[in-house]
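Colleague: Please take a close look at one part of this model and describe how it is put together.

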Amino acid sequence: MQMIRCPWCGPREEVEFHYGGQAHVPYPAEPAALSDEEWAHYVFFRDNTRGAFAERWSHSAGCRRWFNALRDTVSYRFLAVYRPGDPRPVLDQTPTAGASS
Amino acid sequence: MTTVDAFSTDPADAVPHTPAPDRLNGSSPRTPGAELPEHPEFLWSNPDPQKAYDVVVIGGGGHGLATAHYLAKNHGITNVAVLEKGWLAGGNTARNTTLIRSNYLWDESAAIYEHSLKLWEGLEDDLGYPILFSQRGVLNLAHTLQDVRDSVRRVEANVLNGVDAEWLEPDEVRKVCPIVNTSTDIRYPVLGATYQPRAGIAKHDYVAWGFARRVDEAGIDIIQDCEVTGFVRDGNRVTGVRTTRGDIACGKVALAAAGSTSVLTDMLGLRVPIQSHPLQALVSELLEPVHPTIVMSNAVHVYVSQAHKGELVMGAGVDAYNGYGQRGAFHIIERQMAAAVELFPVFARAHLLRTWGGIVDTTPDASPIVGRTPYDNVFLNCGWGTGGFKATPGVGWVFADTIANDEPHPYAAPFSLDRFVTGRLVDEHGAAAVAH
Ligand SMILES: Cc1cc2nc3c(=O)[nH]c(=O)nc-3n(C[C@H](O)[C@H](O)[C@H](O)COP(=O)(O)OP(=O)(O)OC[C@H]3O[C@@H](n4cnc5c(N)ncnc54)[C@H](O)[C@@H]3O)c2cc1C
Ligand SMILES: [Zn+2]
């Protein structure tokens, strides 16, 4: 089983974690000002990146804290984990993104 | 130019067949049994792309092929190419568990899936090719009082929509499928089931090959090993596609790329509410016929049928995270097996033979997206997620109609992209039992 490194607890088995989808999606600053289209995009539309994807994870069967990860959606390998509030890390090398499978 | 071995899924076979001289005529002694039978007749040709087509269909899975078939058959549109980045029908078409049913809750879903089921019933004749469509019925088990209420409601809705559906009590469930554990002392006792007798399974490869043969006969080009890597745009129109085999001009573009849809729509600057997930399935070793129907369970999350050859075919839900890797995690398989043994104690000694995964394109309301896009000549078919095999002929029909007439077929209209803005969702989450 894949080990995921919780930024607080260290490496734990994947089954201890809960997936939270795309990271860095801010709640609208002025909700009442949004058009229907903008609401739709906030509620229903998320990036669906093939390659390095910034996403939220919760260590639900451990410390129960949320964190962010950069993960390659083709190899499923975690490229980086980081705490909420931290910026998306910059990677030196591009992972398998774009590789055909 | 070249031909492809229709009975191979290996892209390497898409080269001309020149016998290897060493093996066939060389001096070395021949391996016993090495004499191969005559090569079977080719079901489709493997042409090089032309410079331009009236319609370019992206994706050579079941949906793309069925769309091309009905473009030719119903609309006489044959200057068409089906572009496939890998080998024909090697995506979800080859990886799905082939459950076919139409017992969905909402009117919009019942209409399009029932349309599809009716087409399945005549598809072997239409294609002139065996597809092993076996209408052995599907049981959707209810394990809680709420399950029972939802199920009875769905049966009533189905009947009103002309879909065959019955509610069965546990003793009737036992009659339809004697090996289901209907004892009362299990964690999730079977309180009854919905039953759709016309549901069934089919042989996925044969379905794709049958469509491909007809499409080829109609003069449509099926071009494998041809990945679309970009679009040539002119304002609100797409005038061509860039591919790994060169640029191809087109009058209209139809997307049928299932799990890879977002990669293409990103190139178009078009946002779609799709998340791609791995979905896995598995088969057991070959067994004597023990399982006469299809059984699905939401609470004990697994569904099982027995293939013609004898394997038990099982599946369940998606892997939780987004993924494009055509494989998933093994703990998902373990859970499916645990669920299967809970429902069918007789399976406890069956061996797992093989597992695999596909990439499914899920939407927020578990319903597909079929129709037009903000581009004048780009048409979208995606979002069938874990349940689009059953829709293959049905969506091919309505998508072809939508492309030919530049307006959504009535069965496609409720599944427009803009329902996520208007809020008119077709929420089949849970409503339709497990979503395969
Ligand atoms: C494990 C599993 C079990 C399932 N079980 C069922 C079931 O029991 N019943 C059911 O109804 N449905 C089921 N499904 C869902 C069903 O398989 C899909 O909804 C359906 O097959 C999708 O349509 P398609 O056949 O055209 O997709 P695919 O066969 O995936 O075709 C899409 C094609 O597009 C090609 N493509 C992608 N990008 C490009 C590009 N850039 N250029 C060129 N070509 C491209 C791909 O290579 C692929 O061949 C299951 C799916 C999986 C993975
Ligand atoms: Zn932790």
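Among contacts in chain A between residues at least 6 apart in sequence, what percentage joins residues at least 24 apart?

Modeller: The model is predicted, so local features need pLDDT of at least 70 and side-chain atom pairs pLDDT 80 or more, while totals for chains, interfaces and linings use all residues. Residues are numbered from 1 along each chain, chains are lettered from A and ligands numbered from 1 as written, and side-chain values use heavy atoms without hydrogens or water.

For chain A the share is 47%, a contact being heavy atoms within 4.5 Å. Those contacts belong to a chain of 1 helix and 6 strands (DSSP runs: H or I of at least four residues, E of at least two). Read from the N terminus, the order is β-β-β-α-β-β-β, which places the helix between three strands and three strands. The C-alpha trace of chain A spans about 45 × 35 × 25 Å along its principal axes.

Of the 101 residues in chain A, 37% are buried, that is, under 20% relative accessible area with a 1.4 Å probe and protein chains only. The area that chain A exposes is about 5700 Å² (Shrake-Rupley method, 1.4 Å probe), and carbon and sulfur atoms supply 49% of that area.

Outside chain A, the residues listed as closest to ligand 1 belong to chain B, among them Glu84(B) and Lys390(B). An N or O atom in the side chain of Glu84(B) is 2.6 Å from an oxygen atom of ligand 1, and a polar backbone atom of Lys390(B) is 2.8 Å from an oxygen atom of the ligand.

Conventions
A residue is near a molecule or strand if one of its heavy atoms lies within 4 Å of it. A polar contact is a pair of N or O atoms within 3.5 Å; within protein, one must be able to donate a hydrogen and the other to accept it, and residues adjacent in sequence count only if both atoms are side-chain atoms. Buried means under 20% relative accessible area, exposed over 50%, partly exposed in between (1.4 Å probe, protein chains only).
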